[in-house]
Amino acid sequence: MAFLVSINSAVVPFLNADTGKIDKEDVKGWAAFNNNWQTVETDFTGLASKIHLGCSISGAILKEGKREKSLESFDCANLIIYDVDYGWTVEQALKNDFIKNYAGLVYISPSHTEENNRFRIVFALEEPIYDKGFYEFVIKQLARQLYNFDFRATDATRLFFGGFPGRDSAVLV
């Protein structure tokens, strides 16, 4: 299944080799993260390849390729990215019937450790959602159906780091 997704490959050179994230004080890196988003048509295999390279992703298509704090940069959404930061392991998620039936990809975030699994579950929507309020509602409703969702990650223009560059971090469901 092909879908449109926002991908930012310009962020990769700014990722800290030890953390897989941009350093907090790296102004140029954060500017690259908030700008430089490209709308790409791909499938889950292609998305997994981009995540493997360290590219950042967003479920929303961003107007003019950048995120504005006002959320006016939201054009539409083709994916829901479910952010898990505690209490659930990747193995538990992959055994969940809902995830097995509806998700397309699970990937480990750069903050993941064996003691504290941190990962994202990616779902493709059958049709794009053009209303940002409704999109946020759908994300929150999904969060209520599953476990250990990071409720801070429910805004329509949420941007996510990809995997740790060069490490196998994505699993097709």
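**Exercise 1. Helix H1**

Determine which residues of helix H1 (residues 27-34) are buried in this predicted model, and on which side of the helix they lie.

*Solution.*
Step 1. Apply the cut-off: a residue counts as buried under 20% relative accessible area, and as exposed over 50%.
Step 2. By this criterion, Gly29, Ala32 and Phe33 are the buried residues of H1.
Step 3. These residues cover an arc of only 100 degrees around the axis, which places them on the same side of H1.
Step 4. Val27 and Lys28, on the other side of H1, are exposed.
Step 5. Identify the cover: strand E1 (3-8) and strand E3 (56-58) are among the elements that cover the buried residues of H1.
Step 6. Inspect the backbone that follows: just after H1, Asn36 adopts a positive phi of about 70 degrees.

**Exercise 2. Aromatic pairs at Phe33**

Classify the ring pairs that Phe33 forms with Trp30 and with Phe161.

*Solution.*
Step 1. A pair of aromatic rings is characterised by the distance of the centres and the angle of the planes.
Step 2. The structure contains 9 aromatic pairs. In one of them, the ring centres of Trp30 and Phe33 are 5.4 Å apart and the planes stand at 85 degrees; the angle is over 60 degrees, so the pair is edge-to-face.
Step 3. Locate this pair: Trp30 and Phe33 both belong to helix H1 and are 3 residues apart, about one turn of the helix.
Step 4. Compare exposure: Trp30 is partly exposed, because its relative accessible area is 28%, whereas Phe33 is buried, with a value of 4%.
Step 5. For Phe33 and Phe161, the centres are 4.9 Å apart and the planes stand at 25 degrees; the angle is under 30 degrees, so the pair is stacked.
Step 6. Phe33 lies in helix H1 and Phe161 in the loop between H5 and strand E8 (170-172), so the pair ties together parts that are 128 residues apart in sequence. Phe161, like Phe33, is buried.
Step 7. Assemble the network: ring pairs join Trp30, Phe33, Trp37 and Phe161 into a cluster.

**Exercise 3. Two pockets**

Describe the largest and second largest pockets by volume and by the classes of their lining residues.

*Solution.*
Step 1. The largest pocket encloses about 500 Å³ of space. It is lined by 22 residues, and those closest to its centre are Lys21, Ser111, Arg120, Arg158 and Phe161.
Step 2. Its lining comprises 8 nonpolar, 3 polar and 11 charged residues.
Step 3. The second largest pocket has a volume of about 220 Å³. Its lining includes Met1, Phe44, Ile80 and Glu126.
Step 4. Helix H4 (97-102) and strand E7 (119-129) are the elements that contribute two or more residues to this second lining. The largest share, 4 residues, is supplied by E7.
Step 5. By class, the second lining holds 9 nonpolar, no polar and 1 charged residues.

**Exercise 4. The cavity**

State how many cavities of 30 Å³ or more the structure holds, and characterise the lining of the largest cavity.

*Solution.*
Step 1. The structure holds 1 cavity of 30 Å³ or more.
Step 2. The volume of the largest cavity is about 60 Å³.
Step 3. Its lining residues include Leu79, Ile81, Tyr135, Ile139 and Arg158. Strand E5 (74-84) and helix H5 (132-145) each provide at least two residues of the lining.
Step 4. Divided by class, the lining has 8 nonpolar, 2 polar and 2 charged residues.
Step 5. Cross-check with Exercise 3: Arg158 lines this cavity and is also among the residues closest to the centre of the largest pocket.

Terms used. Residues numbered from 1 in each chain as written. Predicted model: local features only at pLDDT ≥ 70, side-chain atom pairs only at ≥ 80, totals over all residues. Heavy atoms only, no water. Buried < 20%, exposed > 50% of the residue type's maximum accessible area, 1.4 Å probe, protein only. Arc of directions from axis to C-beta. Contact = heavy atoms within 4.5 Å. 1 Å grid on protein atoms, 1.4 Å probe; cavity = no way out; pocket = protein on both sides within 12 Å on 5 of 7 lines; lining within 4 Å. Points joined across faces, edges and corners; volume = space filled by probe spheres on them. Nonpolar A, V, L, I, M, F, W, Y, C, P; charged D, E, K, R; others polar. Phe/Tyr/Trp six-rings, centres within 6.5 Å; stacked < 30°, edge-to-face > 60°.
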